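Me: I am new to this one, so please pick a single part and take a close look at it with me. After that, show me how the rest of the fold is described.

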Amino acid sequence: MRAARLHEPSQPMRVDQVDRPRPRPSDVLIKVMSCGVIPNMNAVFSGRYWHHLPPLPAIVGLDAAGIVAEVGAAASKVSVGDRVYVNPLLSCGACHYCRYETPLLCSSAAFQGYFGFFPDSMKLIEAYPYGAFGEYMTAEPHRLVKLPKEVTFDQAARFGYLGTSFSALRFGGVGGGSWVGINGITGTLGVGATLLALALGATRILGFGRNREGLAQVKGLSPARIDTLALGDLPAADWLLDRTDGLGVDVLVDCTGRGGAASTTLDAMGGLKRGGTAINIGALSEPLPLNATRFMNSRLQYRGSNWFTTGEAQRMAEMVAVGAFDLSRLVTRAFPLEGINDALAFVKERPGGFTNVVVNPDR
Ligand SMILES: [Zn+2]
């Protein structure tokens with residue numbers, strides 16, 4: 001099969017001919033139809049951060065959607081021809097955290113085709129060395145999200161970032177009538193958080209960012225429920241309080257990325273309602289000096305959330321199927337496998353959260 005492989009960190013990928021994987025009895029083989037290309041990929045493939053890259057050369061690629069092509073003898077509840085999204089989060093099933101039913105905290109956690117969180121992650125990475133920038137990959141059935149016909153493969157290839165936003169909103173208890181603030185609303189995580197907050201019934205969605213054109217586009221999703229602020233026009237906290245009768249938002253989703261300034265986050269947290277929760281999903285790396293007394297007196301929470309469960313992704317798929325979660329505003333920009341380096345260069349230019357950048361390995 002053809003597969004895009006990373007041979008050296010920060011170097012262009014090469015499309016190589018490699019053996020098609022053979023699924024173990026407990027695995028399935030998936031023909032990849034689409035794989036998401038996300039802003040963070042260039043940073044991860046540089047190998048310059050804390051994460052552990054797979055042994056190189058490696059078939060990389062994080063968010064696969066495709067068709068089950070072969071089912072191992074011991075794999076059940078899945079059939080050849082099933083349309084699926086593959087949750088790339090690998091967990092060991094045996095560590096303290098897995099035994100306590102929190103696989104997202106697994107001591108060996110890794111993303112198939114992407115990186116390991118810990119030195120211990122390499123065993124899992126080596127057990128599933130097939131990333132999604134290849135024509136075929138293997139996975140265990142419990143990591144598959146069954147895709148209803150209403151979800152396209154290209155839309156499902158966005159489930160990684162969408163699921164990250166969804167899990168954060170669930171963490172914050174967002175539901176009907178919730179007021180949600182979103183820092184970085186025009187980016188990939190921010191647009192997803194907005195679409196999902198709408199789907200969950202949030203009535204006030206207040207987002208800020210720097211891209212005025214993007215802000216107008218976000219507001220256009222639901223002008224009655226969404227309001228936006230261009231950063232620099234007003235302090236975020238003042239604006240949030242002004243838009244919430246002086247109370248603040250129930251949940252602040254912070255999509256500030258690595259290298260972003262903590263000052264906006266800190267400012268925005270001044271616009272949290274008493275009892276509210278700020279959730280970091282963007283990998284803000286600058287230290288955040290919290291006002292601990294206010295956090296105590298107002299019973300505030302600051303927490304981190306990364307990724308999501310397969311069940312959460314399945315819920316998203318069902319929400320799309322019945323029209324509750326509308327992905328129709330995302331515009332897909334698809335590249336063939338041979339265009340992988342162009343796709344990575346394209347996301348580096350930050351095309352904005354409405355653009356869904358994917359690679360279609362079958363093209
Ligand atoms: Zn584990």
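Reply: The 4 donor atoms around the zinc ion subtend angles of 103 to 118 degrees, so their arrangement is tetrahedral (four donors earn that word if all angles lie between 85 and 135 degrees). This is a predicted model, in which local features need pLDDT of at least 70 and side-chain atom pairs need pLDDT 80 or more, while totals for chains, interfaces and linings use all residues. Residues are numbered from 1 along each chain as its sequence is written, and side-chain values use heavy atoms, without hydrogens and water.

Now the site itself. The zinc ion is held by the SG atoms of Cys92, Cys95, Cys98 and Cys106, at 2.3 to 2.4 Å; a donor is an N, O or S atom within 2.8 Å of the metal (3.2 Å for Na, K and Ca), and sites may look incomplete because water is not among the atoms. Along the chain, these donors follow the spacing C-x2-C-x2-C-x7-C. Cys95 sits in the loop between strand S7 (89-90) and helix H2 (96-99), and Cys106 in the loop between H2 and strand S8 (110-111), so this pair ties together parts that are 11 residues apart in sequence. Helices (H or I, at least four residues) and strands (E, at least two) are DSSP runs, numbered from the N terminus. Cys95 and Cys106 are both buried, meaning under 20% relative accessible area, with exposed over 50% and partly exposed in between (1.4 Å probe, protein chains only).

The strands on either side of these loops belong to a sheet. S7, S8 and S9 form an open sheet of 3 strands in the order S7-S8-S9, with antiparallel pairing; two strands pair if DSSP finds at least two bridges between them. S7 and strand S9 (115-116) are the edge strands, each pairing on one side only. S7 and S8 are joined by 2 bridges, and Leu90 has Ala110 in S8 as its bridge partner.

For a wider view, look at the interior. The largest nonpolar core has 92 residues, of which Phe133, Leu147 and Phe159 touch the most other members. Such a core is a set of buried Ala, Val, Leu, Ile, Met, Phe, Trp, Tyr and Cys residues joined through side-chain atoms within 4.5 Å. Phe159 is also one of the buried residues of helix H5, a helix with 11 of its 13 residues buried.

Definitions and conventions
Tetrahedral: all angles 85-135°; square planar, octahedral: opposite > 155°, others 65-115°.
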